[in-house]
Each structure stands twice: as structure tokens, then as C-alpha cells.
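Me: I would like to go through this model by question and answer, starting with one loop and ending with the pockets.

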Amino acid sequence: MRLSQYFLPLLRENPSEAQIVSHRLMLRAGMIRQSSAGIYSWLPLGLRVLKKVEQIVREEQDRSGAQEILMPTIQPAELWRESGRYDDYGKEMLRIKDRHEREMLYGPTNEEQVTEIVHASIKSYRDLPKNLYHIQWKFRDEVRPRFGVMRGREFLMKDNYSFDLDAAGAKHSYNKMFVAYLRTFARMGLKAIPMRADTGPIGGDLSHEFQILAESGESEVFCDRGWLETDILSDILAKEIDYDGDLEPFFQSFTSLYAATGEIHKPETCPVAAEQLVTGRGIEVGQTFYFGTKYSEPMGAVVTGPDGAEVPLEMGSYGIGVSRLVGALIEANHDAAGIIWPERVAPFRLGLINLRPADDKCRGAADGLYGKLRGAGVEVLYDDRDESPGAKFAAMDLIGLPDQLIVGPRGLAAGHIEWKQRRSGARQDLPVDSVVQRFAT
Ligand code: 5CA
């Protein structure tokens, strides 16, 4: 993409409404634009990141055996009356009436909708287990939407729902998601700690929140100091996972060290000595719930068991805040100059800067490189604008592409192009003809 043609509305000044760094940087880097409180449009650069995050989430769901569906954003109120949540959910639910005065709602989550789908088509234990997921916009009329996409009113969530015959099967489904979540976050380079959590309006008694430790996090969290010292990312990605095998040892190994959210942590029952306990803030990027028959029973979602008797489905639900993750990734990856994208979620792999677009040699070399890199399948953002070098460097650092290639007259005369790594700031001269091969995928 040529920057001269790209829709990238960068802001020079820090927007005053943004209190945390990810919100500031998303606005400054032209990734999002607020529509109303807690509701955003995603602009081209932001959308590219959102899609990459979404794709990693999707790949790990698919790997675990979950199947993708797409449920609507607007749901009928009747379904929620069946489960008893229509009144319980309170003001966070956006209630709508259609032209026939039928009560509808913009889904804050989909337990009822998916239970209805499965109930309509699954009648026998032989059709179990099933695990269905979708990646869809949700609406929660939060009391205090803030921090940009971190606590929005409209936000993108991956949510899935497992259906099993019995509690043992349901725990296996829970464990599968537990593994899939750790892998998902690890692939984005995020150390998400699974913490015992309260279940709130979703219900049930087994739940984990996946928390990234960060000053700007909204959750109060407590964990064993051991969590800070272990390199869980490489541990997780190095493990071969057989999703059909026994996952309980994996689950145990990642839950043996204490970690709990503020809602359930009690100093008097905490097993960790005070000097070993870390108290901090966390960003909740996902949550898993096992709630058994909370929805299947009132909604009559039963299957015929092996002995012919009807049994209500054992269920769990699992959410990942896809749009929140974009903010969380920035909280974990930035410096004073701007964002530093991890390669796997970067909107473009490379930034190519032409320092002298008016100079024929520079333009020829930069245009040529741009064409070859694209031909080799590399995603490149090419700054071909007629701007000062300083403005170009600042823009490239702000939007945080992992690597920058800088084409200038002096380097070209010596047959090289400067390569700058955004994260380390390290610079190196590369011979012009080696560049494409260095970055080809
Ligand atoms: N039905 C369950 C699991 S599918 C559920 O709704 N869980 S949840 O309430 O914990 O939401 C799942 C994830 O969505 C959270 O972990 C969080 O990362 C994200 N999320 C929740 N509320 C918001 C919000 N207001 N803005 C952005 N992300 C949110």
C-alpha cells in the first residue's frame, strides 16, 4: 500500500479524552474513530490488526475442534425470558422493539441463542460432544465505557459454547478451551495468566479469567510471584497438544500456582505467603465458564442418554475480547515514540520509506523494491509521500510496523538500504539486492 493513497488519519497531538496509552495511540495512529461513547469505527490500519487478531483466535478454535457459526446480533426477548435472564440482565442490555412491537435485544452474549440452535437439532447423546463458536459484535450498555476499545459498549467477541452429556465430558471441553486460550494469547506474544474468577451474570462455579498484568488494567488481581518468573509463553507453544487426550495434567500444571481475581481472592484463605503474593492490575482478555445445566434445564435442552432417559445438556461458555485484545497488545507493546507491533498481528510486515521521492534514483529504487516485496508476498506500507524525513520517521515509529527499510541517496550511492528494527531500534545496512530475500515469506 502506498501511504500517499492510504486512508491513515494520523493525529499530531495527544487527544485529550484518552486516558491510557493504547487509546491515545490507537487514535493518533488513525486506527479507530469514536462514533459515540464506547462505539467506534475501525479505520483501515486498525481493521487490519483486528482481522489478524481474529484470525489467530479462529485458528486456535479450529485446532481445538470447535466449529465456526455466525449467530445474529439481534435476538428475540422470548429466548431470554425462557432462561430467566431477560429481567436479570438489567440496564446493560440494549432492548429494542421492532415495527410489530415485538421485543428484541442486541445480544450481550449468546448462551440462549446457541442453546436453542443445539436443542433444535441434537436429540441423542451420540451427537455429542459439540462445541460451536462465533466471532460477532456484542453490545453492553456499560455504565462507564472508557479506555477506547478496552471497555466499549459495542465490541467484538469470540464466544463459544460446549455441549456434553455429563460433567466429565464438560470438564474435558473446558480443558480444551483452557489450552486453546493459552495458545491463542501466547501466539500473540501475550502472557495471559489464568486466574480463578467470579462468574457474574453468566453463572456456574468453575471459571477462569485470562489476565495480562498491566498498570492500566481494570481488574484487581492477585498471584503467586512464581507467575512473573516463569516463561509460560514458550512452555505453552513448545507443548504438542492432543486435544482428544487427557488434558487434565496440562490444566493442573497451569493452575497449580495461585492466581485469583479481586472478586474472589480472600486474604484469610489465600494459600500464598504475603511475601510471595503479587498484587496488581490486569487486563481481562478472556474468560471461561463451566455452568452445567443452568441454561439447558430451564430451556428444556435435553438429549436421550445411553439408557434412554432424558438428560439436560452440560454446558460451558468461553469468551475472548477480540477488539479489547488490540488495545491490550498496545498496552504491552509500545514506547515513547508509538506502537511496536509483534510480527504476527502487525498491520503490515514492513514499512518502506523513500526519503527523497523527488529524486529519480531514490524513486526508482524504492518503487522497484516495493514491487518486488509485494511480488514476494510481503505486506508493505510504502511511504512515498512528499514529506520531510523527520515526519516520515515519526509516522513510521508511531504506527509501529516491526521493520523499516529506508531508501536514501547516500545509501543508494553505496549500494545499500538501511534496515531499522522498530523494537530494538537497531540499524543495519543491507545490500540492495539482498533485501527482498531477507523479508520474503
Ligand atoms: N458468555 C460469556 C463467555 S462467551 C461471556 O460473555 N463472557 S465475558 O463477559 O467474560 O466476556 C468475554 C470477554 O469479552 C471478556 O473476557 C473481555 O475480554 C471481553 N469484554 C467483555 N466486556 C467488554 C467490553 N465492554 N469491551 C470490550 N471487551 C469486553
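Reply: Ask away; the model is predicted.

Me: Where is P129 found?
Reply: The model places P129 outside the helices and strands that flank it. Helix α5 covers 111–121 and strand β7 covers 130–139. P129 is found in the loop between α5 and β7.

Me: Is the peptide bond from L128 to P129 cis or trans?
Reply: Most peptide bonds are trans. For the bond from L128 to P129, omega is near -5 degrees. That bond is cis.

Me: Which sign does phi of E101 have, positive or negative?
Reply: E101 is in the loop between β5 (94–97) and β6 (103–106). Most residues other than glycine have a negative phi. E101 is a residue other than glycine, yet its phi is near 65 degrees, which is positive.

Me: Which residues come nearest to the ligand?
Reply: There are 22 residues around the ligand. By class, this shell has 8 nonpolar, 7 polar and 7 charged residues. The nearest are T109, E111, R140, G152 and E284.

Me: Which strand gives the largest share of the shell around the ligand?
Reply: Strands β8 (154–164), β13 (277–292) and β16 (314–321) each supply at least two residues of the shell. The largest share is 5 residues, and the strand that supplies them is β13.

Me: How far is a nitrogen atom of the ligand from an N or O atom in the side chain of E142?
Reply: Backbone atoms also approach the ligand: an N or O atom of M150 lies 3.5 Å from a ligand nitrogen, and one of V285 lies 3.4 Å from a ligand oxygen. In E142, the atom concerned is in the side chain, and its partner is a ligand nitrogen. The distance is 2.8 Å.

Me: What percentage of the accessible area of the ligand does the protein cover?
Reply: On its own, the ligand has 600 Å² of accessible area. The part of this area that the protein covers is 96%.

Me: What is the volume of the largest pocket?
Reply: The ligand sits in this pocket. Its lining has 42 residues, with R140, R151, E284, Q287 and R324 nearest the centre. By class, 15 are nonpolar, 14 polar and 13 charged. The volume is about 910 Å³.

Me: Which element gives the most to the lining of the largest pocket?
Reply: Strands β8, β13 and β16 and helix α10 (322–332) each supply at least two residues. The highest contribution is 7 residues, and it comes from β13.

Me: Which helix gives the most to the lining of the second largest pocket?
Reply: About 340 Å³ of space lies in the second largest pocket. Of its 15 lining residues, L10, R12, R385, A391 and A395 are the closest to its centre. By class, the lining has 11 nonpolar, no polar and 4 charged residues. With 4 residues at 389–399, the helix that gives the most is α12.

Me: What is the volume of the largest cavity?
Reply: A search of the whole structure finds 1 cavity of 30 Å³ or more. Residues lining the largest cavity include Y40, W42, W137 and F155, and β2 (39–42) and β8 each give two or more residues to this lining. By class, the lining has 5 nonpolar, 4 polar and 1 charged residues. The volume is about 60 Å³.

Key
Residues are numbered from 1 along each chain as its sequence is written. This is a predicted model: local features need pLDDT of at least 70, side-chain atom pairs count only at pLDDT 80 or more; totals for chains, interfaces and linings use all residues. Side-chain values use heavy atoms; hydrogens and water are left out. A residue is near a molecule or strand if one of its heavy atoms lies within 4 Å of it. A polar contact is a pair of N or O atoms within 3.5 Å; within protein, one must be able to donate a hydrogen and the other to accept it, and residues adjacent in sequence count only if both atoms are side-chain atoms. Accessible areas come from the Shrake-Rupley method with a 1.4 Å probe; for residues, only the protein chains shown count as cover. On a 1 Å grid over the protein atoms alone, a cavity is a set of points where a 1.4 Å probe fits but cannot get out, and a pocket is an open set with protein on both sides within 12 Å along at least five of seven lines; lining residues have an atom within 4 Å of a point. A molecule sits in a cavity or pocket if more than half of its atoms lie within 2 Å of its grid points. Ala, Val, Leu, Ile, Met, Phe, Trp, Tyr, Cys and Pro count as nonpolar, Asp, Glu, Lys and Arg as charged, and the others, Gly among them, as polar. Grid points are joined across faces, edges and corners, and a volume is the space filled by probe spheres set on the points.
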